[in-house]
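This report is for a reader who has not met the structure before. The sequence and the model are shown first.

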Amino acid sequence: MRTNKLLPVLAASVLVLAGCGSSDDSKSAGFDDAEKASGDPIVFGAQAPTKGAAAYPQTGYGVEAGEWYVNNVLGGVDGRPIEIETCAGDGSPETAINCANGFVSKKVPFVLDAYDQAIAGAVPVLSAAGIPIIGTLSGGGAADSAPYGDSFYFTGPTTVSALGSMSVLESLDKEKVTLAVNETPTSHQYVDDLIKPIADSLGIDFSVQYPPATGANFNVVAATQLSEDPDAAGVIALPEDGCTALFQALRQQGFDGTIFAGSCSQFIDDMGAQAAGAIVQPRLWVPLSKDAAPAEVQTQLDDFATAMEEVGYGDELSARSLYAFAGVVNMVDVLTTISGDITNETVRTAMKGLKDFPTFAGPTVTCDGQQWPGYPSACSHKAIFFEVQENSTLAPVNDDGYIELDPSLVPSS
């Protein structure tokens, strides 16, 4: 067993190279103590929503950067490189099922969920094959609520976002809230089963809009939101370009209240000073929060940025790319704890044994199945929220960063 390679690797000045990596006879650019992996690769799967009308291609970028970082900087897993078989999700259960069948045929030891909202389609297939699904967070409730050992999520279940969004808005004294999410069956279920009941329990007057995944008129969505005379407006979740379009429309139509941005972040660069005051709810410390982060997290975020530069996506430092990157890096740290063969069973056992495990740019987690009632996949019940500053950086709403959520506010299924 090798030592923990996820103790922060000091990033030196960033040297941008052409192409997608360094040559074999040189150190990895931007890292002083780079340690390249060699030998037979350890292969595992990843499902990323990189295709379709509501694609998040940034998730795939993060997987690619994570693989590069592990193999060119961390030295792989006990010296062996990793090889990630990424299947492109398109939002349909049929594609998720096809991805899962491919992973089963390749006998991967686990599948990384790179925040794919259609992961539900893969759950029965992977569960039957004994292949655990693991990720930073899930895109859907089916994987969250799988039996203990079938799935693990480092930052908790989907309900963290629902409970967290309403909890932080209530703490900011927002009484009337209107948010948008793309039109899908899972979106309606998420709103009806989670958001609305939690909002009711906290005394928030909540309304929702369901713009289509393609062709949405965000001027109309903004006007609809503002017709409610809300204290806070914005999104539950939209692709990055949808978030930017909606927030710009809200400001152009005179809204000077609080914008709730969910896990979107690229609007901050696009909107400049008009983004100030918006509340974002990523699951991790993100690049724009680096100045306010603990020292070890600052180093991790530098490493993430450099790795993204190395694979050609230095301008794609979104929360979603970080979720995927962190998931890869966290799992490599888990794999280094396994003595002997890396199989679905040894990965499952290693995950169950995690206690007070420091995650990449995230909370310390314990995967004992007891962190969130009804969701044994959850390894945490903490959340972090940021407010956009005038200089376009992020500062935690809570001075201590992560806060404890109260799962008792979540309606029982």
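The text below covers aromatic ring pairs and then two paired strands.

**Aromatic pairs**

The model is predicted. Across the whole structure, a search finds eleven aromatic pairs. One of the pairs is formed by Phe247 and Phe267, with ring centres 4.9 Å apart and planes at 80°, so the arrangement is edge-to-face. Planes over 60 degrees apart count as edge-to-face.

Phe247 belongs to helix α8 (residues 240–252) and Phe267 to helix α9 (residues 267–271), so the pair ties together parts that are 20 residues apart in sequence. Both rings belong to buried residues, as the table lists.

| Residue | Helix | Relative accessible area | State |
|---|---|---|---|
| Phe247 | α8 (residues 240–252) | 0% | buried |
| Phe267 | α9 (residues 267–271) | 1% | buried |

The cut-off behind the last column is a relative accessible area under 20%. Elsewhere, ring pairs join Tyr69, Phe304, Phe325 and Phe360 into a cluster.

**Strands β6 and β7**

Which strand pairs with β6, and in what sense? Strand β6 (residues 176–181) pairs with β7, in the parallel sense and over five bridges. On the residue level, Ala180 has Gln209 in β7 as its bridge partner.

Helix α6 (residues 185–201) joins β6 and β7 in a right-handed β-α-β unit. How many of the five residues of strand β7 are buried? In β7 (residues 205–209), four of the five residues are buried, so the strand is largely enclosed by the rest of the structure.

Notes. Residues are numbered from 1 along each chain as its sequence is written. This is a predicted model: local features need pLDDT of at least 70, side-chain atom pairs count only at pLDDT 80 or more; totals for chains, interfaces and linings use all residues. Side-chain values use heavy atoms; hydrogens and water are left out. Rings of Phe, Tyr and Trp (its six-membered ring) pair if their centres lie within 6.5 Å; planes under 30 degrees apart count as stacked, over 60 as edge-to-face and the rest as tilted. Helices (H or I, at least four residues) and strands (E, at least two) are DSSP runs, numbered from the N terminus. Buried means under 20% relative accessible area, exposed over 50%, partly exposed in between (1.4 Å probe, protein chains only). Two strands pair if DSSP finds at least two bridges between them. A crossover is right-handed if, with the strands pointing away from the viewer, the path from the first strand over the helix to the second runs clockwise.
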